[in-house]
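The exercises below are meant to be worked through with the sequence and the coordinates side by side. Each task is followed by a solution that goes step by step.

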Amino acid sequence: MSTDPVKIPKADILAIDDTPENLALLSQILTERGYKVRSVTKGSTALRGAKAAPPDLILLDVKMPEMNGYEVCRHLKADEKTRNIPVIFISALGDVFDKVKAFQMGGVDYITKPFQVEEVLARLDTHLTIRNLQLKLQQQNTQLKQEIARKTAAEAKFAKAFRACPNPIAIATVAQGQFVEVNHSFLQMSGYLASEVVDYTLEQIYSQSALEIYHKSLEKSQSQGFVHNQELEFRTKSGQTKIVLLSMELIELEGVQCTLQIMNDITERKRLENEFISLVSHELRTPMTSTIGALDLLNSGQLGTLSDRGQQILKVAIRNTERLIRLVNDILDLERMKSGKISIKRVEYDLKNLLIQAIEVMQPMAEKAEVELKLESSNVNLNLDPDRILQTLTNLLSNAIKFSQPGSTVILKTTVTKSLQHKITTINYCQIQVQDSGRGIPADKLESIFERFQQVDASDSRTKGGTGLGLAICRHIVEGHDGHIWVESALEKGSIFYVNLPLIPIGQVWQQGS
Ligand code: ADP
């Protein structure tokens, strides 16, 4: 380990005195202590030297013949290059020394000859420390200024992008869910004024379904940092529904954690897409109906008998055409439901009766697949649209049978669930469960299968004859009843589809959408 004493940092001292002996003494004292000393006997030489290579500190004799200390100091302070160098005056005992003048000229201190070594060193040390601190402060100040300028430029850029962005953007606090800022595009899309959004809460602006997506996206952002393109329905001020893709990231604004919500209004794109799909479907329906008619005629044998191979090919053609017709019908059904062309017509109905009908409809399919259908239900009266709920039940049963192994059982049961919060009131729900012990659904597909054309496996439509529209239709019907549909599943163990339908006290008229 080194035992060297801590060395005084070398400072460059300029000593100015017209008496060479004094200078020699000063120089010796300081050099011994590790300082670097430059000595000059004339004020003019000192000024030149200080300008050429500014020292860290100047020791300046007051009384000099050509240019006295005050004069030298005045020159030093007048020059940008030497202004900040601390000057310590040296005066001899008995000299007429004007302390006030010395300080006025910009001196920081004075020492008196004959020198007391410890005093000289202490004063030097103090002023060098102050000087160093000053320099450090200046440096930090410059850095701070640069940092502020950089941040201001970045903020200006962000603000410009925020303002000019064609995408609607909103910033809200995470804790209170309160809007902090929204851009022009957001106001244009939503129909609100800035004063009607900023400082208001998300609950006051977003619809219930949009809020659910927001909270899910927030959870995801907190775990993975960001979320991209979550589809949600945005209700504008005038009550119009817009389809929006929401991307979210967490940011910090003045120490407060906020969500940066960037939206993409795809309403028009969706409308054109739907229009195109329904147009194509309409155009396909007529030729397909006549094709299946012709195929049925061929199959009936009225036009002559076909070879075995011919029969086989015909069966494939009939199966595929039927699937196409199902697809077209499903598309048109969904489109009519979405556009409100098919309304939910509720009547009071015994749900158990409906479950029995659903089982009867699906029995042939279950027998073919060697799957047993089991019903566990008691009578319960609900206000519902029997045709539409039957459609939902048969769809869920058909899926359960399709994805089950021969020999297994599919259970259809109902229970009356505890009270659940629904909008502002508490409502009892009747819960329908369709339970299978089939192949199950992967966790990341549990939500998406309720979207149009979403299947767990791309081959499902080919191998199982599905269209990928069944669950989207079910969701529409159930939500049209102010209900809720979801699935829980375990791979290779099976799935349970749940349908909650609000239980209305008998005799009470249920208003659509209430
Ligand atoms: P499809 O006409 O293809 O059955 P659905 O919308 O009814 O369309 O279902 C979408 C997809 O969800 C199915 O293709 C299948 O991948 C999956 N699925 C639905 N029900 C079940 C189930 N009971 N078990 C396993 N997978 C299912």
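**Exercise 1.** In what order do the strands of the open sheet with antiparallel pairing lie, and how many strands does that sheet have?

*Solution.* The model is a predicted one, and the tracing starts from the strand order. The open sheet has 5 strands, arranged as β7-β6-β10-β9-β8, and their pairing is antiparallel. Its edges are formed by β7 (179-182) and β8, each of which pairs on one side only. On average, neighbouring strands of this sheet are turned by 30 degrees against each other, with direction ignored. A helix is then added to the picture: α8 (residues 208-224) packs on the sheet and touches β6 (169-173), β8, β9 and β10, while its direction makes about 170 degrees with that of β8.

**Exercise 2.** Determine how β9 is joined to β8 and to β10, and find the residues with positive phi in the connections.

*Solution.* Begin with β8 (residues 226-235) and β9 (residues 241-253), which run antiparallel and are joined by 8 bridges. Within this pair, Q230 stands opposite L246 of β9. The hairpin of β8 and β9 has 5 residues between the strands, and there G239 takes a positive phi near 90 degrees.

Next, turn to the other partner of β9, strand β10 (residues 256-265), to which β9 is joined by 10 bridges in an antiparallel arrangement. L246 serves as a reference here too, since L246 stands opposite M263 in β10. The loop between β9 and β10 contains E254, a residue that has a positive phi of about 45 degrees although it is not a glycine.

**Exercise 3.** Which strands are the edge strands of the open sheet with parallel pairing, and which helices pack on that sheet?

*Solution.* The strand order must be settled before the edges can be named: this open sheet of 5 strands follows the order β2-β1-β3-β4-β5, with parallel pairing. The edge strands are therefore β2 (36-40) and β5 (109-113), as each pairs on one side only. Neighbouring strands here are turned by 20 degrees against each other on average, direction ignored.

For one pair in detail, take β1 (residues 12-16), which pairs with β2 in the parallel sense over 5 bridges; in this pair I16 stands opposite V40 of β2. Helix α1 (residues 20-32) packs on the sheet, where it touches β1, β2, β3 (57-61), β4 (87-92) and β5, and its direction makes about 175 degrees with that of β2. Helix α5 (residues 117-164) also packs on the sheet, touching β1, β3, β4 and β5, and the direction of α5 makes about 165 degrees with that of β5.

The loop between β5 and α5 deserves a separate look, for P114 lies in it, and the peptide bond from K113 to P114 is cis, with omega near -5 degrees.

**Exercise 4.** Describe the geometry of the crossing of α1 and α5, and the residues that meet there.

*Solution.* Start from the axes, which come within 11 Å and cross at roughly 65 degrees; the crossing in which α1 passes α5 is right-handed. Then list the residues: L26, I29 and L30 of α1 meet V117, V120, L121 and L124 of α5. Sorted by class, this contact has 7 nonpolar residues, with no polar and no charged ones.

**Exercise 5.** How many residues of domain 3 are in contact with domain 4, and which three supply 46% of the area that domain 3 buries there?

*Solution.* First fix the bounds, for which the domain assignment gives domain 1 (12-137), domain 2 (165-265), domain 3 (269-339) and domain 4 (347-503). The C-alpha centres of domain 3 and domain 4 lie 26 Å apart. Across their interface, 13 residues of domain 3 are in contact with 14 residues of domain 4. The area buried between the two is about 1200 Å², and carbon and sulfur atoms give 63% of it. On the side of domain 3, R323, L334 and M337 supply 46% of the area buried against domain 4, more than any other three residues.

Key. Residues are numbered from 1 along each chain as its sequence is written. This is a predicted model: local features need pLDDT of at least 70, side-chain atom pairs count only at pLDDT 80 or more; totals for chains, interfaces and linings use all residues. Side-chain values use heavy atoms; hydrogens and water are left out. Two strands pair if DSSP finds at least two bridges between them. Helices (H or I, at least four residues) and strands (E, at least two) are DSSP runs, numbered from the N terminus. Axes are lines fitted to C-alpha atoms, for helices over the stretch in contact, and angles run from 0 to 180 degrees between N-to-C directions. Contact means heavy atoms within 4.5 Å. A crossing is left-handed if the near helix is turned anticlockwise from the far one by less than a right angle, and right-handed if clockwise. Ala, Val, Leu, Ile, Met, Phe, Trp, Tyr, Cys and Pro count as nonpolar, Asp, Glu, Lys and Arg as charged, and the others, Gly among them, as polar. Domain bounds come from an automatic or database domain assignment. Buried area is the accessible area (1.4 Å probe) that two parts lose on being put together, summed over both.
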